[in-house]
Amino acid sequence: MGKNKNNLDKETRLKNIENAVREILINVGEDVDREGLIETPKRVAKMYEEILSTKNVDDFENYKLFDVDLGDSQEMVLVKEIPFFSMCEHHMLPFFGKVHVAYIPQDNRVIGLSKIPRLVEFVSRKLSVQEEITVNVAKKLIEILNPLGVAVVVEARHMCIEMRGVNKIGSVTRTSFYSGEFKENADRKREFLDGIRDGKF
Ligand SMILES: [Zn+2]
């Protein structure tokens, strides 16, 4: 999962990014001293600091588990249409869309519902690819909850496809991950897929 962070302080890192952005601007033929661009390297540096802030999914620790008496119901917990934004690691252009997450608790172990969107945000805020986000959300839930099954579907639009391709505007890429019950039991999988269909509440 990438190299270790360098040990430079934040100020130096921002300054380095700023200088690199200025180089890009010069080399695509821009006049970096024109009014619209004067503050741009600084703004871009700050923006990267914000949207690429998470380097490693293993750092996600801020979650709470609950014990809920679920009897032996084995119903799935579904959180759907969680918005996310990321940057593709091949072109450094945005890709964004929705994540749908479901799991079937084991031993009455559940996680706070608000933590699932936070987990999605956490794994998205770095240079990544859609497949990696899909797997990392699933793997983290498996690690935390040891559930009877996890299902993750990610639907996203990729600017590196849409801005560069021909007739690719609005195309959506779907990736999925299934484990346990969702993988082995076709009814479970269908229940999940029905549940994430648009407009169903
Ligand atoms: Zn790309």
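**Exercise 1. Decide whether His-91 and Cys-160 are buried, partly exposed or exposed, and find what they share.**

Step 1. Begin with His-91 in this predicted model. Its relative accessible area is 36%. Buried means under 20% and exposed over 50%, so His-91 counts as partly exposed.

Step 2. Now take Cys-160, which has 11% relative accessibility. Because that value is under 20%, Cys-160 counts as buried.

Step 3. Look for the zinc ion. Its protein donors are Cys-88 through SG, His-91 through ND1 and Cys-160 through SG. These donors lie 2.2 to 2.3 Å from the ion.

Step 4. Place the donors along the sequence. Their spacing reads C-x2-H-x68-C. His-91 sits in the loop between strand 2 and strand 3, while Cys-160 belongs to helix 5 (residues 159-162). The two are 69 residues apart, and the pair links distant parts of the chain.

**Exercise 2. Describe the overall build of the chain.**

Step 1. Count the elements: there are 7 helices and 7 strands.

Step 2. Read them in order. The pattern is α-α-β-β-β-β-α-β-α-β-α-β-α-α.

Step 3. Turn to burial and surface. The chain has 201 residues, and 37% of them count as buried. The exposed area is about 12,200 Å², with 51% supplied by carbon and sulfur atoms.

Step 4. Check how far contacts reach along the sequence. Among contacts with a separation of 6 or more, 69% come from residues 24 or more positions apart.

**Exercise 3. Explore the second largest pocket and work out which elements line it.**

Step 1. Note its volume, about 250 Å³.

Step 2. Find the lining, which consists of 13 residues. Nearest the centre lie Phe-84, Phe-85, Ser-86, Glu-121 and Arg-125.

Step 3. Assign the lining to elements. Strand 2 (77-88), strand 3 (94-104) and helix 3 (115-124) each give two or more residues. Strand 2 gives the most, with 6 residues.

Step 4. Sort the lining by character: 9 residues are nonpolar, 2 polar and 2 charged.

**Exercise 4. Find the surroundings of Ser-124 and Arg-188.**

Step 1. Locate Ser-124 in helix 3. At 1% relative accessibility, Ser-124 counts as buried.

Step 2. List what Ser-124 touches, leaving out residues up to four places away in sequence: Phe-84, Phe-85, Ser-86 and Ile-133. Ser-86 is 38 residues from Ser-124 in sequence, yet their C-alpha atoms are 5.1 Å apart.

Step 3. Move to Arg-188, found in helix 7 (residues 186-195). Its relative accessible area is 12%. That is under 20%, so Arg-188 is buried.

Step 4. List the contacts of Arg-188 in the same way, setting aside neighbours within four places in sequence. They are Gln-74, Glu-75, Met-76, Ile-104, Glu-181 and Phe-182.

**Exercise 5. Examine the phi angles of Asn-108 and Asn-146, then say where these residues lie.**

Step 1. Read the angles. Phi is near 60° for Asn-108 and near 45° for Asn-146. Each is a positive value in a residue other than glycine.

Step 2. Place the residues. Asn-108 lies in the loop between strand 3 and strand 4 (109-111). Asn-146 lies in the loop between helix 4 (130-145) and strand 6 (149-158).

Step 3. Check exposure. Asn-108 is partly exposed, with a relative accessible area of 23%. Asn-146, at 43%, also counts as partly exposed.

Conventions: Residues numbered from 1 in each chain as written. Predicted model: local features only at pLDDT ≥ 70, side-chain atom pairs only at ≥ 80, totals over all residues. Heavy atoms only, no water. Helix = DSSP H or I, 4+ residues; strand = E, 2+ residues; numbered from the N terminus. Buried < 20%, exposed > 50% of the residue type's maximum accessible area, 1.4 Å probe, protein only. Contact = heavy atoms within 4.5 Å. Areas by Shrake-Rupley, 256 points an atom, 1.4 Å probe, with all protein chains shown as cover. 1 Å grid on protein atoms, 1.4 Å probe; cavity = no way out; pocket = protein on both sides within 12 Å on 5 of 7 lines; lining within 4 Å. Points joined across faces, edges and corners; volume = space filled by probe spheres on them. Nonpolar A, V, L, I, M, F, W, Y, C, P; charged D, E, K, R; others polar. Donors = N, O, S within 2.8 Å, 3.2 Å for Na, K, Ca; no water.
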